[in-house]
Amino acid sequence: MKKLLLTFAVALTAVATNAQETKLTVVPPNQYWGSKDVTESTAGKVDFSDQYGEFKIKSNLDLSAYTGMIIKYSGLKDAQIKAVGDADDESTYSKKAEFYCGLEGAEGEAKIEFPASLGTTISVLELQGTAAGGTVTFDKITLLKGEEQEVLTAFEGMAWGGTYSKAAASAVDIKITDAYGEIGFAEAVSYDPSKVYTYTVSFSEPTPAALTFKVLTTEDTPGAALNDYDNKYYVNQDIAAGSTSASIVINYNYSAITLPCAVADNTFKGIEAKLTVSEATAISSTSAKAGVSSVYSVSGAKLNAYQKGVNIVKMTDGSIKKVLK
C-alpha cells in the first residue's frame, strides 16, 4: 500500500479552483551532479549589468580547425561578439589580437568568419556588452569547422558584469552521465498548506530508462523515508521507462524536487516541466463514495469509513484518488 500512496499521480478528487500554471526552468548543467545539457538548440539570455561585461562562449579554439561561427539571436541591445587570439598586439588592452563583430538588428542570424590576424588560437570567444543594460537572447550557437558544423550545447558562462539564464519555455535534452545523476528544475514557490501543487514533466520522446520524482521533505511527512547517504527525508515516486509524461501531487512541506536516474549514458529528450498550483476544496460525501473500492489513511492503513482530513481512495476502475473530508 505504501507504494500505492507514493504513486498516485492522478487528478485530485478535491475540486481545483483558480489553478495557476507556471512553466519551470530546467536548471543549467552542473547545477545537479551526474547530468549534462546536450540540447542542440540551447536558448539562453544574457543581461549585462556593466559596460563590457563578458559571457564566455568557448575557450582555446584551434584556428587551424575552426573557421567561424553562426549565432541566431533576438532581443539584441548593446551587445557584440568578441574574440581574443594569441597573436601579439600592443595596441589592445590584453596585448593580444582582438576581433569584434557587431550584430545587426534586434534579431537575426549572423555568420562570422574568424580573421587570420588572431593567430593560431582563440583564447576566449564571448558575447560582450557594449553598455550597461545591454542584453541578448541566443537560440543556437554553431562553430564552423570548414564545411562541418558543431552545435555548442554547454557554455562557460558569465565571467563578470551580468547574468545568464536559460529560457524557461525551451525544451532541453539532458544526458545522465553518472549513475544516479539528477535532472533538476528551478521554481519560485512558497508552500501554502491550503493549496495543492502538481508537477508535470513531459518528454518529446519516450524515456530510455526509469526516472524518479525525488522530493526533499520533512521527517513527519507521510510516506517519507530517511536517506542514509545524506540523512535527509525524501518522498520518491517512480517514472517508468518509456514514459512521455508524468505528474506528482505534493500537498506537504518540501524544499526541493529533482528527477534522478539510476542508469548512466541515457539521454532524455525534449524535457519540459510545469507547476500547477490550485486551491483544495472538499467534495461531498455522496460523490466521494461513488465507485469506491477501498479507503486508506495517508499512512497506508485500511479504513472501514472515511476519516476527517485526507483519505486515499482506490476506485473500482483501479484509479487512486485523494479525498479531503
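1. Confidence first: this is a predicted model, and the mean pLDDT of the chain is 83, with 84% of the residues scoring at least 70. Two stretches deserve a careful eye. Over residues 1-17 the pLDDT stays under 50, although the model gives this stretch 44 contacts beyond four places in sequence. Residues 282-290 also stay under 50, and here the model has 13 contacts beyond four places in sequence.

2. On to the overall make-up. The chain contains 26 strands and two helices. Of its 325 residues, 42% are buried. Among contacts with a separation of 6 or more, 77% link residues that lie 24 or more positions apart. The accessible surface amounts to about 16200 Å², and carbon and sulfur atoms contribute 48% of that.

3. One sheet you may like to look at is an open one: its five strands run in the order E7-E6-E9-E4-E12, with antiparallel pairing. Strand E7 (96-102) and strand E12 (157-160) are the edge strands; each has a single partner strand, so one side of each has no neighbour in the sheet. On average, neighbouring strands here are turned by 35 degrees against each other, direction ignored.

4. Now for the E12 end of that sheet. Strand E4, residues 54-62, pairs with E12 in the antiparallel sense over three bridges. Which residue of E12 is the bridge partner of Glu54? That partner is Trp160. As a reminder, strands of a sheet pair through backbone hydrogen bonds, in either a parallel or an antiparallel way.

Technical notes:
Residues are numbered from 1 along each chain as its sequence is written. This is a predicted model: local features need pLDDT of at least 70, side-chain atom pairs count only at pLDDT 80 or more; totals for chains, interfaces and linings use all residues. Side-chain values use heavy atoms; hydrogens and water are left out. Two strands pair if DSSP finds at least two bridges between them. Helices (H or I, at least four residues) and strands (E, at least two) are DSSP runs, numbered from the N terminus. Axes are lines fitted to C-alpha atoms, for helices over the stretch in contact, and angles run from 0 to 180 degrees between N-to-C directions. Buried means under 20% relative accessible area, exposed over 50%, partly exposed in between (1.4 Å probe, protein chains only). Contact means heavy atoms within 4.5 Å. Accessible areas come from the Shrake-Rupley method with a 1.4 Å probe; for residues, only the protein chains shown count as cover. pLDDT is the predictor's confidence in each residue, from 0 to 100.
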